[in-house]
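Work through the exercises below with the sequence and the model open. Try each task before reading its solution.

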Amino acid sequence: MSNNVSIKQLNDDLERLEKEAANNITLAGDKEDLERLRIQFLGKKGRLSKILGLMGALNSSERPIIGQRANVLKNQLQELIADRVSNLKEEALTELIASEKLDVTAPSSGRPFGHRHPLISTTEQIVDIFCGLGYEVHEGPEIENDFYNFEALNIPENHPARDMQDTFYLDNDLLLRTHTSPVQIRCLEKTPPPVRIVAPGRVYRRDAVDATHSPVFHQVEVLAIDKGLDFSHLRGTVMAFLKTFFGDLPVRFRASYFPFTEPSVEVDVQWKGKWLEVMGCGMVDPAVLEGLGIDPDIWTGFAAGLGVERFCMVRHGIDDIRRFYTSDLRFLEQF
Ligand code: DAH
């Protein structure tokens with residue numbers, strides 16, 4: 001032991017250690033820092049141990065003074081470290097609470113909502129326009145029988161028109177309706193004229209799937225029966241409807257044939273330089289009215305069948321009917 005070591009020197013050392021340690025402990029940023037400081041100041045090979053190791057050079061009256069002081073300092077520093085540990089915990093908790101605070105007045109981040117399928121909204125737009133003209137909505141069953149789907153519409157057995165509508169039969173008599181025209185018959189059976197109805201619905205045909213055909217598709221049927229209705233009323237109604245739906249697209253009427261109308265026409269609109277058929281229509285054939293016990297000399301009228309897919313495709317520039325049925329959200333979310 002060196003004889004140069006004096007009590008004053010050790011006291012000074014302890015004082016320096018105390019200041020330095022207290023300073024460092026107060027500034028420590030986390031538990032690991034504190035552990036490092038504990039080892040540095042209070043560990044077996046730490047600064048305090050080193051000072052105590054020098055005590056042997058003191059005389060027996062001086063030793064206990066330094067020993068006691070070193071003990072007090074050790075306890076003080078241990079307490080300081082423990083305090084700092086609990087402070088750090090508290091600070092972390094306060095920070096956590098602040099960061100997790102619920103702001104009940106914050107605006108909602110919103111939920112994704114579903115919306116109408118483009119075929120449904122197109123159907124609704126078509127129906128709305130006719131409702132605006134005074135028509136009432138009627139609906140009929142998708143499972144029909146031969147009478148309503150064919151017979152009452154002037155399409156007897158073996159009539160070639162049955163081939164135009166390749167049919168899904170459920171048994172000899174029951175079938176999936178191939179068009180919405182049977183709703184005309186069901187309505188007129190129940191309601192004596194005058195009538196004005198619009199009948200939206202799903203229809204079925206045994207068509208192979210391609211860009212313009214689907215075995216399930218949608219139509220809107222229109223029927224008006226009154227005294228004195230003639231072709232000019234049909235034309236005026238169709239033109240008013242098309243103008244409301246499409247705006248000013250060019251329209252043409254083409255002579256055609258349907259067993260339940262006479263005369264019959266198909267209506268095309270010009271879109272992207274091409275004529276596209278969007279509906280069939282005509283004056284209700286007197287044979288249909290007679291079959292229902294309605295006198296065709298008193299009552300006349302017109303009917304139309306609109307292809308919903310066609311209207312939707314022209315309106316939105318869709319080139320493939322299959323897009324409507326594949327439930328691809330990237331497609332559906334655009335509408
Ligand atoms: N039912 C016909 C079809 O599906 C469309 C049709 C044409 C309906 C003329 C009518 C009409 O009401 O008058 O092909």
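## Exercise 1: A glycine in a loop

Task: Place Gly-140 among the secondary-structure elements, then say how far it is from Arg-177 in space.

Solution. The model is predicted. Start with the elements. Gly-140 sits in the loop between strand S1 (136-137) and strand S2 (143-145). Next, check its exposure. The relative accessible area of Gly-140 is 22%, so this residue is partly exposed. Now take the pair. Gly-140 and Arg-177 are 37 residues apart in sequence. Their C-alpha atoms are 9.7 Å apart in space.

## Exercise 2: Two cysteines

Task: How many disulfides does the structure hold?

Solution. The count is 0. Take Cys-131 to see this. Cys-131 is in no disulfide, and the nearest cysteine sulfur, that of Cys-187, is 13 Å away. Apply the cut-off: a disulfide needs two cysteine sulfur atoms within 2.5 Å. Then turn to Cys-187. Its closest cysteine sulfur is that of Cys-131, and 13 Å is too far for a bond.

Task: Are Cys-131 and Cys-187 buried, partly exposed or exposed?

Solution. Buried means under 20% relative accessible area, and exposed means over 50%. Cys-131 has 33%, so it is partly exposed. Cys-187 has 2%, so it is buried.

## Exercise 3: The ligand site

Task: Which residues are closest to the ligand, and how many surround it?

Solution. The ligand is surrounded by 16 residues. The closest are His-179, Ser-181, Arg-205, Gln-219 and Glu-221.

Task: Which N or O atoms of Glu-221, Ala-303 and Ala-304 pair with ligand oxygen, side-chain or backbone?

Solution. Take the residues in turn.

- Glu-221 uses its side chain: an N or O atom there is 2.6 Å from a ligand oxygen.
- Ala-303 uses its backbone: an N or O atom there lies 3.0 Å from an oxygen of the ligand.
- Ala-304 also offers a polar backbone atom, 3.3 Å from a ligand oxygen.

Now consider the area. The ligand taken alone exposes 360 Å², and the protein buries 93% of that.

Task: Which pocket does the ligand take, and which elements give two or more residues to its shell?

Solution. The ligand takes the space of the largest pocket. Strand S5 (216-226), strand S8 (274-284) and strand S9 (300-307) each give two or more residues to the shell.

## Exercise 4: Unusual backbone

Begin with the expectation. Most residues other than glycine have a negative phi, and most peptide bonds are trans.

Task: Where are Pro-194 and Pro-263, and what is omega for the peptide bond that leads into each?

Solution. Take Pro-194. The bond from Pro-193 to Pro-194 is cis, with omega near 10 degrees. Pro-194 is in the loop between helix H8 (182-190) and strand S4 (195-204). Take Pro-263. The bond joining Glu-262 and Pro-263 is cis, with omega about 0 degrees. Pro-263 is in strand S7 (residues 261-271).

Task: What is the phi of Asn-154 and of Lys-272?

Solution. Asn-154 is not a glycine, yet its phi is positive, about 70 degrees. Its place is the loop between helix H6 (146-149) and helix H7 (161-164). Asn-154 is partly exposed, at 29% relative accessible area. Lys-272 is not a glycine either, and its phi is positive, about 55 degrees. Lys-272 lies in the loop between S7 and S8. It is exposed, with a relative accessible area of 69%.

## Exercise 5: Two loop residues and their distances

Task: Which backbone nitrogens does the side chain of Asp-171 reach?

Solution. Locate the residue. Asp-171 is in the loop between H7 and strand S3 (174-176). At 42% relative accessibility, Asp-171 is partly exposed. Follow its side chain. It reaches the backbone nitrogen of Asp-173 at 2.8 Å. It also reaches the backbone nitrogen of Leu-174, at 2.6 Å. Finally, look along the chain. Asp-171 and Asp-83 are 88 residues apart, and their C-alpha atoms are separated by 89 Å.

Task: Where is Arg-323, and how far is its C-alpha atom from that of Pro-200?

Solution. Arg-323 lies in the loop between helix H11 (308-316) and helix H12 (329-332). Arg-323 counts as partly exposed, at 42% relative accessibility. Arg-323 and Pro-200 are 123 residues apart along the chain, and 21 Å separates their C-alpha atoms.

Note on methods. Residues numbered from 1 in each chain as written. Predicted model: local features only at pLDDT ≥ 70, side-chain atom pairs only at ≥ 80, totals over all residues. Heavy atoms only, no water. Buried < 20%, exposed > 50% of the residue type's maximum accessible area, 1.4 Å probe, protein only. Near = heavy atom within 4 Å. Polar contact = N/O pair within 3.5 Å; in protein donor to acceptor, adjacent residues only side chain to side chain. Areas by Shrake-Rupley, 256 points an atom, 1.4 Å probe, with all protein chains shown as cover. 1 Å grid on protein atoms, 1.4 Å probe; cavity = no way out; pocket = protein on both sides within 12 Å on 5 of 7 lines; lining within 4 Å. Sits in = over half its atoms within 2 Å of the grid points. Helix = DSSP H or I, 4+ residues; strand = E, 2+ residues; numbered from the N terminus.
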